[in-house]
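Q: Could you take a close look at a single sheet and at one residue within it, explaining the terms along the way?

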Amino acid sequence: QVQLVESGGGLVQAGGSLRLSCAASGNTFGINTMGWYRQAPGKQRELVAFITNGGSTNYADSVQGRFTISRDNAKNTVYLQMNRLKPDDTAVYYCYVPPSLLLGYLEFWGQGTLVTVSP
């Protein structure tokens, strides 16, 4: 099993920055790709970014150029650096580990951390 603990959410003004962290524990050897999702009130859940164990990254068009996903494999931690934040970025952000062979094709989610961007 894998446990994901998120931190770093809070209230920030538009144009500001925030860094989210997600620390993994348990069967961390089974983790390859990690990612971040978000869900705003009344909106669809969307994939924000993901990163492979080798460091390849992908971003949603809405955050491209503003957000950066990274990881520290020694600490089993993934980060989401969010810059030039907009009110539309307000959402609950969830850390995510997709199904894989080593994890028995189970998926794992963090508890969520709220990011609020004021205009």
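A: What follows describes the sheet and then a residue on one of its strands. This is a predicted model, in which local features need pLDDT of at least 70 and side-chain atom pairs count only at pLDDT 80 or more, while totals for chains, interfaces and linings use all residues. Residues are numbered from 1 along each chain as its sequence is written, and side-chain values use heavy atoms, with hydrogens and water left out.

Four strands (DSSP runs of E, at least two residues, numbered from the N terminus) make up an open sheet in the order β1-β3-β8-β7, with antiparallel pairing; two strands pair if DSSP finds at least two bridges between them. Because β1 (2-7) and β7 (67-72) each have a single partner strand, they stand at the edges, and one side of each is left without a neighbour in the sheet. Within the sheet, β3 (residues 18-26) and β8 (residues 77-82) run antiparallel and are joined by six bridges, and A23 stands opposite T77 in β8.

Strand β7 holds R71. R71 is buried (under 20% relative accessible area, with a 1.4 Å probe and protein chains only), yet R71 has no salt bridge, a term for a side-chain nitrogen of Lys or Arg within 4 Å of a carboxyl oxygen of Asp or Glu. The nearest side chain of opposite charge, D72, is 8.4 Å away. The side chain of R71 does, however, reach the backbone oxygen of N32 at 2.7 Å, and a polar atom of that R71 side chain lies 3.0 Å from the backbone oxygen of T52.

Terms used. Buried < 20%, exposed > 50% of the residue type's maximum accessible area, 1.4 Å probe, protein only. Lys, Arg positive; Asp, Glu negative; His and termini not counted. Polar contact = N/O pair within 3.5 Å; in protein donor to acceptor, adjacent residues only side chain to side chain.
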